[in-house]
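I set out to record, entry by entry, what I looked up in this structure. The entries go from the overall fold to the cysteines and then to the backbone.

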Amino acid sequence: MLSLKQAALFFIQLLNTSSVFAEISIAFHWDVSVSRGDLIQLTCNISNNNTTMIQWAKDRYYFSHSYSSNKSSSNFSSNSLRIDPKVPSTFHISNAQHDDAGLYTCIVTESKGLNSITWNVTLFENQKEISLLLYITLTLPPAFGLILCCTALAVCLCR
């Protein structure tokens, strides 16, 4: 059983806790389409004055940076995915590949609540690569056939 003083202290702590997260969280969603091999930079717009923590997540991977303790933790293993602990609000993807497509979420914890931004990153093939591949596919077999016919004609004429 709580004494009157303990109940009053508990009530005051509850009031303080509820006022910390009294603001409604804001969520944004962006769609990003890039070519394979491009550099992608996702920036989580935050206010450095009130931010206590920033977290990035994609699938089962995460990055977390606490401003109060100035410590970061991460399980990103790819060299192409990079977050600089000095600027944790920016996520870099170099040489984007199909595995890099998906949902990236930035969650910012501030003194007044949570804000989140989600990017849906989609990759498409570079049109130059497709046209070059199509050109090679359409010209190589006829060229090979022409060389084969000329070689057969040369062999027949020499005999």
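How many helices and strands are in the chain? I counted 2 helices and 9 strands. The model is a predicted one, and I read every entry below with that in mind.

**Entry 1. Overall fold.** I followed the elements along the sequence and noted the pattern α-β-β-β-β-β-β-β-β-β-α. A helix therefore stands at each end of the pattern, with the strands between. I then looked up burial: 25% of the 159 residues of the chain count as buried. For contacts between residues at least 6 apart in sequence, I found that 56% join residues at least 24 apart. The chain exposes about 11,500 Å², and carbon and sulfur atoms supply 63% of that area.

**Entry 2. The disulfide.** I searched the whole structure for disulfides and found 1. Which cysteines form the disulfide? They are C44 and C106, with their sulfur atoms 2.0 Å apart. I placed C44 in the loop between β2 (40–43) and β3 (51–58), and C106 in strand β8 (residues 102–110), so the pair ties together parts that are 62 residues apart in sequence. I also looked up the torsion about the S-S bond; it is about -95 degrees, so this disulfide is left-handed. Are C44 and C106 buried or exposed? Both are buried.

**Entry 3. The remaining pair I checked.** C149 is in no disulfide; I found its nearest cysteine sulfur, that of C150, 6.9 Å away. The cut-off for a disulfide is 2.5 Å, so this separation does not qualify. C149 is exposed, at a relative accessible area of 53%. I recorded C150 likewise as being in no disulfide, with the sulfur of C149 as the nearest cysteine sulfur. C150 has 47% relative accessibility and counts as partly exposed.

**Entry 4. Positive phi.** I turned next to backbone torsions, bearing in mind that most residues other than glycine have a negative phi. D59 is not a glycine, yet I noted a positive phi of about 50 degrees for it. Where does D59 lie? I located D59 in the loop between β3 and β4 (61–66). At 64% relative accessibility, D59 counts as exposed.

I made a second such note for N95, a residue other than glycine whose phi is positive, near 50 degrees. I found N95 in the loop between β7 (90–93) and β8. N95 is partly exposed, with a relative accessible area of 46%.

Methods:
Residues are numbered from 1 along each chain as its sequence is written. This is a predicted model: local features need pLDDT of at least 70, side-chain atom pairs count only at pLDDT 80 or more; totals for chains, interfaces and linings use all residues. Side-chain values use heavy atoms; hydrogens and water are left out. Helices (H or I, at least four residues) and strands (E, at least two) are DSSP runs, numbered from the N terminus. Buried means under 20% relative accessible area, exposed over 50%, partly exposed in between (1.4 Å probe, protein chains only). Contact means heavy atoms within 4.5 Å. Accessible areas come from the Shrake-Rupley method with a 1.4 Å probe; for residues, only the protein chains shown count as cover.
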